[in-house]
Amino acid sequence: MEKTKIPFHLALLPFLVLIVLLALNVFLFADNSSYGYNQIALLLSGLIVAGIGVKYGFSWKEIQNGIVENISTSMKAILILLFIGALAGTWLISGIVPAMIYYGLDLLSPEFFLFASCIICALISLSTGSSWSTIGTVGIALLAIGKVLGFPEGWIAGAVISGAYFGDKMSPLSDTTNLAPAMAGTDLFTHIRYMLYTTLPSIGISLIIFLVYGFTQDYSGQVEGLEAVQTAITQNFKIHIGLFIIPLFTIALIIKKVDALLALFLGSLAGGVSAVFFQPELMTRLASHSTNAFLAQYEMIVESMANGVKIPSENKIVAELLSSSGMAGMLNTVWLILSAMFFSGTLEATGILKQISEKILSVVKSRFGLVFSTVSSCVFFNITASDQYLAIIVPGKMFSKAYQDKGLAPENLSRSLEDSGTVTSVLVPWNTCGAAQANILGVATILYLPYCFFNWISPLMTLTFALFKIKIRELKETKNAKDNSL
């Protein structure tokens with residue numbers, strides 16, 4: 001059967017169905033909508049896409065190959081997610097996370113907590129180039145500290161994610177920071193310097209909001225509660241500064257450009273070894289084979305990596321804080337990512353994504369319209385393709401020539417890609433980033449979304465700069481700059 005172009009109204013049908021199903025799931029299942037229900041919505045919408053594709057000449061084999069190829073692009077993200085689950089388990093049983101909580105309660109003033117959390121995550125992510133690693137290590141501990149201090153989970157997660165994505169966006173070690181200029185046709189450090197104009201105001205506004213909120217809360221009567229948490233921690237763990245060797249080791253590996261998969265896996269194994277040396281009594285107490293020290297230690301290391309661990313405590317807050325779900329706790333998110341990749345794979349294989357991209361490009365008339373279309377496309381692909389890399393690559397390829405035709409330097413495009421593609425990915429519940437961070441932190445995307453100020457201020461800042469023609473570099477300016485450097 002000969003392939004024919006899918007009518008535009010039919011190309012939009014799967015998106016309409018998906019929106020209706022997702023809204024219905026939220027109405028019926030609320031925060032639990034991502035535990036299987038949204039996955040079914042994505043799969044059903046993907047089948048509708050496949051049915052439309054077959055009707056217009058695409059074979060099921062072509063569509064299936066597109067699905068498999070699309071899923072393969074998410075495999076590294078899935079493995080990182082699993083390794084973060086393992087790391088969280090061993091860092092808990094070794095006392096690393098409890099030590100972070102213990103000392104954090106001493107050092108972080110409640111008034112400055114959200115402000116400081118954002119800065120801490122920004123610095124670590126800037127050093128490592130990885131928002132996922134930052135959130136999966138320090139972010140988990142900061143969330144626990146913030147809960148003890150009485151902050152709502154959404155605010156804490158918002159501060160952690162805002163800082164982590166600022167660092168990821170600005171770090172020369174970040175994959176997206178390298179990808180955006182490559183797609184736009186500019187160099188890495190020109191891209192980073194040009195991003196400063198929109199990124200610094202965005203993070204500055206975010207920090208002010210976190211600081212103001214911190215100083216408007218009432219913290220009276222919390223001292224006893226904090227002391228009770230610290231006491232409960234010391235009853236279960238041997239807490240000392242030496243426990244921070246493993247986090248520093250893991251961060252050093254990432255800074256040295258060791259692949260994130262390997263760095264996280266080595267960090268989780270090092271956490272297990274640390275538990276043997278620093279928490280042997282706890283491991284023996286929790287193990288079922290407690291009569292044999294070697295078997296008890298091996299059992300608890302493997303158990304903490306695979307299924308997580310729960311430290312019993314009479315203090316309910318501590319019992320909640322000192323628990324992890326290991327790799328097994330990440331499986332629902334893996335399911336969500338695979339379902340999202342199934343849907344986006346059918347869209348790519350049938351050419352629907354390309355068709356919608358061309359439609360968007362056809363209505364662009366002005367320079368502001370071009371930037372607005374870039375931002376909108378990045379957000380659109382984060383929602384539909386469910387992957388931040390595709391949200392950078394597809395609009396990057398699509399708009400590259402259009403920016404040249406409008407006389408705009410490529411760094412305008414690369415900045416717009418990062419200001420919208422990278423940072424908004426974490427705001428979509430079924431996107432690989434949104435699903436991962438919600439699972440890692442244990443906070444639903446819809447709960448933290450309003451407080452990720454940096455992530456939604458960034459695209460608005462880019463649009464503001466474009467609207468008022470602030471720091472919009474033209475091609476002739478770039479050429480003159482290059483000529484002067486010769």
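**Exercise 1.** What span should the 18 residues of helix α20 (residues 388-405) have at 1.5 Å a residue, and how far apart are its end C-alpha atoms?

*Solution.* The model is predicted. The expected span of a helix is 1.5 Å times one less than its number of residues. For helix α20, with 18 residues, this gives 26 Å, and the end C-alpha atoms are 26 Å apart, so the two values agree.

**Exercise 2.** Describe the course of α20, its two ends and its buried residues.

*Solution.* Begin at the N-terminal end, which D387 caps: a side-chain oxygen of D387 lies 3.0 Å from the backbone nitrogen of Y389. Next, follow the axis to F399, where α20 bends by about 40 degrees. F399 is itself one of the buried residues of α20, which also include P395, G396, M398 and S400. Finally, α20 is followed by G407, which has a positive phi near 75 degrees.

**Exercise 3.** Determine whether C118 and C121 take part in a disulfide.

*Solution.* A disulfide requires two cysteine sulfur atoms within 2.5 Å. A search of the whole structure finds zero disulfides. For C118, the nearest cysteine sulfur is that of C121, 7.4 Å away, and C118 is in no disulfide. C121 is likewise in no disulfide, its nearest cysteine sulfur being that of C118. C118 is buried, with a relative accessible area of 0%, and C121 is buried, also at 0%.

**Exercise 4.** Characterise the surroundings of H191.

*Solution.* First, locate H191 in helix α10 (residues 188-215). Second, assess exposure: H191 is buried, with a relative accessible area of 0%. Third, list contacts beyond four places in sequence; among them are T177, P181, S414 and R415. The side chains of H191 and E418 are joined by a polar contact of 3.1 Å.

Definitions and conventions. Residues numbered from 1 in each chain as written. Predicted model: local features only at pLDDT ≥ 70, side-chain atom pairs only at ≥ 80, totals over all residues. Heavy atoms only, no water. Helix = DSSP H or I, 4+ residues; strand = E, 2+ residues; numbered from the N terminus. Buried < 20%, exposed > 50% of the residue type's maximum accessible area, 1.4 Å probe, protein only. Polar contact = N/O pair within 3.5 Å; in protein donor to acceptor, adjacent residues only side chain to side chain. Contact = heavy atoms within 4.5 Å. Bend = angle between axes of the 7 residues up to and from the residue.
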